[in-house]
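Dear colleague,

I am passing on the structure below, and after it I set out what was found there. Please keep it open while you read.

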Amino acid sequence: MKNFKVCGSEYEEFLIRMEEFHGYRSPGILLGGLMLDTALEKLGPTPYLNVVSETVVCLPDAIQMLTPCTFGNGFLQVFDWGKFAFTAYDRQTLAGMRVWLNYERLVVYPVVRSWFERTGRPREKPPFEQLAAEILAAAPEIIVHRPVRLARALKDSQPVPTGPCPECGESYPLNHGPVCPACRGDAYYTYHTPSEDE
Ligand SMILES: [Zn+2]
């Protein structure tokens, strides 16, 4: 269909990679890919690339799919701010590029706006191709970038000492306090007790 590249992949190839990584065709991953193209082009060569995402939705997957920065290697940080924005930066120079969406220009594109603000009813969600076409048309107008400087690298460079929790016996980072987060009361689970006939 489209004969252009997103983060180095031909468009159709990009859609396939997106489905494999994210599970389905996602307007947010497409928009994130276009935003990453802007960030990395403006940033120039960045040997020690780190990215901080300001939302937990879509953008972290675009970043993991299209850059060497992942949750697991610590070069991607994610803030749960609900803002569709990120900063790509060099962790040695701390020079970066923050990229976000111009809301005033976004509202000119009704299909994108409805998807972005989740105002449409779920059943009326436009097909991906329709959203993608409008995202591609809108991208040059709505994607905004500006150089930034970080106060410090966000990846923990110092290892945190760990030791056993006095209540559950599992190892945890000692800077969490005298007991582990679960024993402190933050457990998101209860253990299933075997039935009486065991
Ligand atoms: Zn514990």
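**Helix H5 and its surroundings**

The buried residues of H5 are covered by parts of the chain that include H2, helix H4 (103–106) and H6, where contact is taken to exist when the C-beta atoms of two residues, placed from the backbone, lie within 7 Å. Helices (H or I, at least four residues) and strands (E, at least two) are DSSP runs, numbered from the N terminus. Please bear in mind that this is a predicted model, in which local features need pLDDT of at least 70 and side-chain atom pairs count only at pLDDT 80 or more, whereas totals for chains, interfaces and linings use all residues. Residues are numbered from 1 along each chain as its sequence is written.

The residues of H5 that are buried are Val112, Trp115 and Phe116; a residue is called buried if 20 or more other C-beta atoms lie within 10 Å of its own, exposed if 12 or fewer, and partly exposed in between, with C-beta atoms placed from the backbone. These three cover an arc of only 95° around the axis, so they sit on the same side of H5, the arc being that of the directions from the helix axis to the C-beta atoms. On the face turned away from that buried side, H5 carries the exposed residues Pro110 and Glu117. After H5 comes Arg118, which has a positive phi near 55°.

**The nonpolar core**

The largest nonpolar core (a set of buried Ala, Val, Leu, Ile, Met, Phe, Trp, Tyr and Cys residues joined through C-beta atoms within 7 Å) has 39 residues, and those with the most contacts inside it are Val51, Ile63 and Ala88. At least two residues of this core come from each of helix H1 (11–22), helix H2 (27–43), strand E3 (49–53), helix H3 (59–66), E5, E6, helix H5 (110–117) and helix H6 (128–142), and the largest share, eight residues, is that of H2. If neighbours within four places in sequence are left aside, the contacts of Val51 include Ile63, Leu76, Phe86 and Ala88.

**Strands E5, E6 and E7**

Strand E5 (residues 86–90) pairs with strand E6 (residues 95–101) in the antiparallel sense over four bridges, a pair being accepted if DSSP finds at least two bridges between the strands. Ala88 stands opposite Met97 in E6, and in the hairpin of the two strands, which has four residues between them, Leu94 takes a positive phi near 65°. E6 is also joined by seven bridges to strand E7 (residues 143–149), again running antiparallel, and there Gly96 has Val148 of E7 as its bridge partner.

Is Arg98, which lies in E6, buried, partly exposed or exposed? Arg98 counts as partly exposed, because it has 18 C-beta neighbours inside 10 Å. Neighbours within four places in sequence aside, Arg98 is in contact with Ala85, Thr87, His145, Arg146 and Val148.

**The chain as a whole**

The protein chain has seven helices and nine strands. Its radius of gyration is 21 Å, well over the 16 Å that the globule rule gives for 198 residues, so the chain is more spread out than a compact globule; the radius is taken over C-alpha atoms, and the rule is 2.2 Å times the number of residues to the power 0.38. The chain is divided into domain 1 (5–149) and domain 2 (158–198), with bounds that come from an automatic or database domain assignment, and the C-alpha centres of the two domains lie 36 Å apart.

With best regards
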